[in-house]
Amino acid sequence: MSGGGQYNRHAKVQSTAQSFALPLLERAAESAALPESPRPIVIADYGASTGANSTVPMKAAVQILRRRAGPARPIHVVHNDQAANDFRALFLLLESTPDGYRIDDDVFSYAAGRSFFTRVFSREHVSLGWCAIAAHWLSRVPAAVPGHVWLKRGASGPEARFAEQARADWSTFLEHRAAELLPGGQLVVVFATADEEGRCGADDCLDGLNDALKAAVRAGDVSEAEVERMILPLYFRTRAEIAAPFERGPVADQLTLIEHAREVSPDPLWAAYEATGDAGAYARAFTGWLRSFSESTVTSALDAGRPERERQALLDALYARVQGEVERAPERARSRWNMAALRIGRR
Ligand SMILES: C[S@@+](CC[C@H](N)C(=O)[O-])C[C@H]1O[C@@H](n2cnc3c(N)ncnc32)[C@H](O)[C@@H]1O
């Protein structure tokens, strides 16, 4: 995700999409096993990015745990993301959020900069886990996607390789969380998913960026080789793919799927556009959202020798083109994300 506060300014789509999982998090906070007093209660926020969407769920969880554990019991909230995440922006946000989750002097914030496809915590350390809008990111790009910046279902060739990577990553993710959770601990995961036809509900949202890249190749601004490297490692699992590890194997021995809720998320950007009719504002909001999660893929694929100023100009031109196209045809950018929320218990 983009740092420097850019993700935080453009995370409304994600906050709307995760909100239907809050009741599951509250139920998990009510029923998760806690360590014996006076050990601190640990909440893990996996894939936190720069924190904009962490404060609401963490506050909901902290309030319930404070009531359950009584005053003065330390509660540790550990925000996890990749090592390159902008944790500075996260902590600055926590400092400047008056209505945050640090509701008393015994609630503490920490960071763990490591991939969640590895062990992030020691064994039996975490009472409550939360992972929002992150577990549909794969650990790597498993195959080239000819002609596009992400896998579109139905494309022959790379789909099976992406499905296999997603299967392996999901098992790895769950095995590590099973080790980290206390017996009786709980984890809530909310992420984008695919419906029975394999559609995520925002299947065309990267077409504008793809078109802009093709135009940049024609204009000689980027090379075909650079564009071929620009693939977002995203895969949206079906209900069956999500449920499979809980049915048999090492994950099923340790974790149970207590709840599996699904929802089509309303598009907050589109709702604002319908209210105002302002296509220019809609295009800016959509492009800000798109850029906040896609520009790191674009920029890391550019040839290493390109000077910083040139990279910046190229990115600005690409996203300006996307914005112009969305302003001309707003409906094309509208999303109806198919979301899944899971409440998972450690045996
Ligand atoms: C769309 S953001 C979601 C942020 C926040 N949880 C929210 O709900 O808005 C996805 C985050 O997942 C993180 N992420 C992706 N793969 C990860 C991994 N392997 N380990 C840790 N974090 C990861 C990304 O770096 C990014 O910050």
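Helices (H or I, at least four residues) and strands (E, at least two) are DSSP runs, numbered from the N terminus. The model shown in these views is predicted, with residues numbered from 1 along each chain as its sequence is written, and local features need pLDDT of at least 70. Side-chain atom pairs count only at pLDDT 80 or more, whereas totals for chains, interfaces and linings use all residues, and side-chain values use heavy atoms, with hydrogens and water left out.

**View 1. The whole protein, with its 13 helices and seven strands.**
The radius of gyration, taken over C-alpha atoms, is 20 Å, close to the 20 Å that the globule rule (2.2 Å times the number of residues to the power 0.38) gives for 347 residues, so the protein is as compact as a globular protein of that length. Along the principal axes, the C-alpha atoms fill a box of roughly 65 × 45 × 45 Å. Of the 347 residues, 56% are buried, a word that stands for under 20% relative accessible area, while exposed stands for over 50% and partly exposed for what lies in between (1.4 Å probe, protein chains only). Among contacts (heavy atoms within 4.5 Å) with a separation of 6 or more, 84% join residues 24 or more positions apart. The accessible surface, found by the Shrake-Rupley method with a 1.4 Å probe, comes to about 15000 Å², and 51% of it belongs to carbon and sulfur atoms.

**View 2. The ligand and the shell of 18 residues that surround it.**
A residue is near the ligand if one of its heavy atoms lies within 4 Å of it, and the closest are Tyr7, Gln18, Gly47, Asn53 and Asp81. Helix α2 (12–18) and strand β2 (75–81) each supply at least two residues of this shell. The shell divides into nine nonpolar residues, eight polar and one charged; here Ala, Val, Leu, Ile, Met, Phe, Trp, Tyr, Cys and Pro count as nonpolar, Asp, Glu, Lys and Arg as charged, and the others, Gly among them, as polar.

**View 3. Nitrogen atoms of the ligand beside Gly47, Ser115 and Ala132.**
A polar backbone atom of Gly47 is 2.8 Å from a nitrogen atom of the ligand, and a polar backbone atom of Ala132 is 2.9 Å from a ligand nitrogen. From Ser115 it is a polar side-chain atom that lies 3.1 Å from a nitrogen atom of the ligand. Taken alone, the ligand exposes 600 Å², and the protein buries 95% of that.

**View 4. Ser115 in the loop between β3 (107–113) and β4 (126–132).**
With a relative accessible area of 23%, Ser115 is partly exposed. The side chain of Ser115, which approaches the ligand in the previous view, also reaches the backbone nitrogen of Phe117 at 3.0 Å. Apart from neighbours within four places in sequence, Ser115 is in contact with Gln82 and Val120. The loop between β3 and β4 also holds Glu124, a residue other than glycine whose phi is positive, near 50°, and which is partly exposed at 37% relative accessible area.

**View 5. His79 within strand β2.**
His79 counts as buried, because its relative accessibility is 0%. Its side chain makes a polar contact with the side chain of Tyr101 at 2.8 Å; a polar contact is a pair of N or O atoms within 3.5 Å, where within protein one must be able to donate a hydrogen and the other to accept it, and residues adjacent in sequence count only if both atoms are side-chain atoms. Not counting residues up to four places away in sequence, the residues that His79 touches include Asp45, Ala48, Met58, Phe87 and Tyr110.

**View 6. Helix α11 (residues 268–276) and its buried residues.**
The buried residues of α11 are Pro268, Leu269, Trp270 and Tyr273, and what covers them includes α2 and α12 (279–301). At the N-terminal end, Asp267 caps the helix, with a side-chain oxygen 2.9 Å from the backbone nitrogen of Leu269. Just after α11, Gly277 takes a positive phi of about 70°.

**View 7. Backbone details in two loops, at Pro38 and at Ser49.**
In the loop between α3 and β1 (41–46) lies Pro38, which is joined to Ser37 by a cis peptide bond with omega of about 5°. Ser49, in the loop between β1 and α4 (55–69), has a positive phi near 55° although it is a residue other than glycine, and at 4% relative accessibility Ser49 counts as buried.
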